[in-house]
Amino acid sequence: MTEITFCLSRAEFAQQFTALPGHEAWGALQTGNGRIAAESPLARVHRHGGSDDEPAFALTSPTEPAHTLCTVAPEAGAAGSGTAYAVHDGTGNLIGRIVHARSPLGMRQAWRIEDTVKQCSAVAYKGNIRGWIAYWAISPFWVVLALIHLLNGDLHPGRSVWRKPYRARWRMLTGSGPKKAALDYNTGRYRADPGLLNVHLLYAQAVLYSA
């Protein structure tokens, strides 16, 4: 299956649709860089009212009448550390889980996608090694950089000065040889391989990672 490149758009034009009951129109998954509205987004994203720490979403088709592609909700009473999300398809069948925890050393956030249908999974750690080295290397200069941004009229320097590394690549955990990437996030865009994991699981992970 062909690789898909998309982004999550939270711009105003991406929210001009009627939300599901109990939800808000939160954004859209679309091809491109999100600066120009796609004529036909890949999916509309509805956020369920509730906790910001454990968000829940519904993804629907962009066409009318809209139908549910998948739902994402925290699992009640999930064992272990971190948060587990159950992902169901439009008919209510469980298609997988997404687990948000820590890396084995506890230094980075970890995200794991579990495809219950294909019986396989992929894991990613937030930020790559080079990104974290650069992040800590410039940390002594944050005050100076923040001052420069403030003098230039940027009242929210933290958004651009000391944002933590965000790169993530979900590599498959099964099979021999080099681990293929089922999902790759970089500079605001996702690249997904639906041949490795259920495409709706990949969409759900993208939404949770960007929430």
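This passage describes the fold of a predicted model and the salt bridges found in it.

The protein consists of 211 residues, of which 39% count as buried, and its secondary structure comprises 4 helices and 12 strands. The surface that the protein exposes amounts to about 11900 Å², with carbon and sulfur atoms supplying 55% of that area. Among the contacts in the protein with a separation of 6 or more, 39% are accounted for by residues that lie 24 or more positions apart.

The 12 strands close into a barrel, in which they follow one another in the order S1-S2-S3-S4-S5-S6-S7-S8-S9-S10-S11-S12 and the pairing is antiparallel. From one strand to the next, the twist averages 20°. In general, the strands of a sheet pair through backbone hydrogen bonds, and this pairing may be either parallel or antiparallel.

Several of the strand pairs can be followed in detail. Strand S2, which spans residues 23–30, is joined to S3 by 6 bridges, the two strands running antiparallel, and within this pair His23 has His48 of S3 as its bridge partner. Towards the other end of the strand order, S10 and S11 are paired in the antiparallel sense over 4 bridges, with Arg171 being matched to Ala181 in S11. The pairing of S11 with S12 is likewise antiparallel and extends over 4 bridges; here Leu183 finds its bridge partner in Ala192 of S12. These two strands form a hairpin with 2 residues between them, in which Thr187 adopts a positive phi near 50°.

Helix H4, formed by residues 199–210, lies across S1, S2, S3, S4, S5, S6, S7, S8, S10, S11 and S12. Relative to S8, which covers residues 109–115, the helix runs at about 160°.

A search of the whole structure identifies 8 salt bridges. Side chains of opposite charge can pair when their charged atoms come close. One of these salt bridges is formed by Glu3 and Arg191, whose closest N and O atoms are 3.2 Å apart. This pair connects distant parts of the chain, since Glu3 belongs to the segment before strand S1 and Arg191 to strand S12, with their positions 188 residues apart in the numbering. Both side chains belong to partly exposed residues, the relative accessible area being 44% for Glu3 and 37% for Arg191.

A second salt bridge brings Glu64 together with Arg44, the closest N and O atoms being 2.8 Å apart. The partners are again drawn from distant parts of the chain: Glu64 is located in the loop between strand S4 and strand S5, whereas Arg44 sits in strand S3, 20 residues apart. Their surroundings contrast, as Glu64 is exposed, with a relative accessible area of 60%, while Arg44 is buried, with a value of 16% that falls under the 20% limit.

The side chains of Glu114 and Arg112 also meet in a salt bridge, with an N to O distance of 2.8 Å. In this pair Glu114 is the buried partner, with a relative accessible area of 18%, and Arg112 is partly exposed, with a relative accessible area of 29%. Elsewhere, salt bridges that share partners join Glu3, Arg167, Arg169, Asp184 and Arg191 into one network, and the pair of Glu3 and Arg191 described above thus belongs to this group.

Definitions and conventions. Residues are numbered from 1 along each chain as its sequence is written. This is a predicted model: local features need pLDDT of at least 70, side-chain atom pairs count only at pLDDT 80 or more; totals for chains, interfaces and linings use all residues. Side-chain values use heavy atoms; hydrogens and water are left out. A salt bridge is a side-chain nitrogen of Lys or Arg within 4 Å of a carboxyl oxygen of Asp or Glu. Buried means under 20% relative accessible area, exposed over 50%, partly exposed in between (1.4 Å probe, protein chains only). Two strands pair if DSSP finds at least two bridges between them. Axes are lines fitted to C-alpha atoms, for helices over the stretch in contact, and angles run from 0 to 180 degrees between N-to-C directions. Contact means heavy atoms within 4.5 Å. Accessible areas come from the Shrake-Rupley method with a 1.4 Å probe; for residues, only the protein chains shown count as cover.
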